[in-house]
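Good morning, colleagues. Please have the structure open in your viewer while I speak, as I shall refer to residues by number.

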Amino acid sequence: MVDVAIKILQKNGYRITKQRQSLLKYLSGFRDQYVDITTVDEYLHQLYPGMSHNTIYRNLKEFDEMGIVEQRTKNGSTMVKYQCDFVHQHHHHFICRRCGQVQELKMCPMDFFAEQLPGCQIEGHHFELYGLCSKCASLVKNSKK
């Protein structure tokens, strides 16, 4: 899992430091859920007390630009998750609003919107669905009985 990210870093001329390896290993545990970057920062400070906040945030920004992590904002906080599909980096998600589980969606809805905007040039998009995953929906349904 981390091997693909290391290859991407090397391809882009980055050194593979033990701090970056630790960051990648930690983030790889978040393929199906976003984690707040302050939590990532706190974790790395436990391992490397001398590592600056700027270094951690810069690495996360660079990882996002290279497609190693996916980033989103929730309630004013920046969150990241490890890339769930290195082969098809353009994809969308369903995010459970109760447990935070992320499921990859295989279809992109842009063709539908492009047809409704003749002559327009779409330059980007971000698409996420929110609701309850099957496990949480079942728990909520059973708690109402």
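I shall discuss the sheet, then two helices, and finally the aromatic residues. Please bear in mind throughout that this is a predicted model.

Let me begin with the sheet. It is an open sheet of three strands, in the order β1-β3-β2, and the pairing is antiparallel. Which strands form the edges? They are β1 and β2, since each of these pairs on one side only.

The pairing between β1, residues 35-36, and β3, residues 77-82, consists of two bridges. Val 35 has Val 80 as its bridge partner in β3, and Asp 36 is partnered there by Met 79. On the other side of the pairing scheme, β2, residues 69-74, is joined to β3 by six bridges, again with the strands antiparallel. Here Gln 71 stands opposite Val 80. Val 80 therefore appears twice in this account, if you wish to select one residue from which to inspect the sheet: it is the β3 partner of Val 35, and it also faces Gln 71.

How many residues lie between β2 and β3 in their hairpin? There are two, and Asn 75, in the turn, has a positive phi of about 50°.

I turn now to helix α4, which covers residues 53-66. A simple check of its geometry is available. The expected span is 1.5 Å times one less than the number of residues. With 14 residues in α4, that gives 20 Å, and the C-alpha atoms at its ends are indeed 20 Å apart, so expectation and model agree.

Which residues of α4 are buried? They are Ile 56, Asn 59, Leu 60, Glu 62, Phe 63 and Met 66. Because these residues cover an arc of only 165° around the axis, they lie on the same side of α4. The face turned away from that buried side carries the exposed residues Asn 54, Lys 61 and Glu 65. As for what the buried residues pack against, the partners are α1, α2, α3, β2 and β3. Just after the helix, Gly 67 adopts a positive phi of about 85°.

One residue of α4 deserves a separate remark, namely Glu 62. Its relative accessible area is 15%, and the cut-off for burial is under 20%, so Glu 62 counts as buried. Leaving aside residues up to four places away in sequence, Glu 62 touches Tyr 14 and Arg 20.

Helix α1, residues 2-11, can be described in the same terms. Its buried residues are Val 2, Ala 5, Ile 6, Ile 8 and Leu 9. They cover an arc of only 160° around the axis, which places them on the same side of α1. On the other side, Asp 3, Lys 7 and Lys 11 are exposed. The elements covering the buried residues of α1 include α2, α4 and β3. After this helix comes Gly 13, with a positive phi near 80°.

Finally, I come to the aromatic residues. How many aromatic pairs does the count give? It gives two. In one of them, the ring centres of Tyr 26 and Phe 30 are 5.3 Å apart and the planes meet at 65°, so the pair is edge-to-face. The other joins Tyr 26 to Tyr 43 and is stacked, with 3.9 Å centre to centre and 10° between the planes. That stacked pair links distant parts of the chain: Tyr 26 belongs to helix α2 and Tyr 43 to helix α3, 17 residues apart.

Are these rings buried or exposed? Tyr 26 counts as buried, at 17% relative accessibility. Phe 30 is buried as well, with a relative accessible area of 19%. Tyr 43, at 28%, is partly exposed. Together, Tyr 26, Phe 30 and Tyr 43 form one aromatic cluster.

A last item concerns a charge and a ring. Arg 72 lies over the face of Tyr 34, at 5.1 Å from the ring centre.

To close, I would ask you to keep two pictures in mind. One is the open sheet with β3 between β1 and β2 in the order; the other is α4, whose buried residues pack against three helices and two strands, namely α1, α2, α3, β2 and β3. Thank you for your attention.

Notes: Residues are numbered from 1 along each chain as its sequence is written. This is a predicted model: local features need pLDDT of at least 70, side-chain atom pairs count only at pLDDT 80 or more; totals for chains, interfaces and linings use all residues. Side-chain values use heavy atoms; hydrogens and water are left out. Two strands pair if DSSP finds at least two bridges between them. Helices (H or I, at least four residues) and strands (E, at least two) are DSSP runs, numbered from the N terminus. Buried means under 20% relative accessible area, exposed over 50%, partly exposed in between (1.4 Å probe, protein chains only). The arc is that of the directions from the helix axis to the C-beta atoms. Contact means heavy atoms within 4.5 Å. Rings of Phe, Tyr and Trp (its six-membered ring) pair if their centres lie within 6.5 Å; planes under 30 degrees apart count as stacked, over 60 as edge-to-face and the rest as tilted. A charge sits over a ring if NZ of Lys or CZ of Arg is within 6 Å of the ring centre and within 35 degrees of the ring normal.
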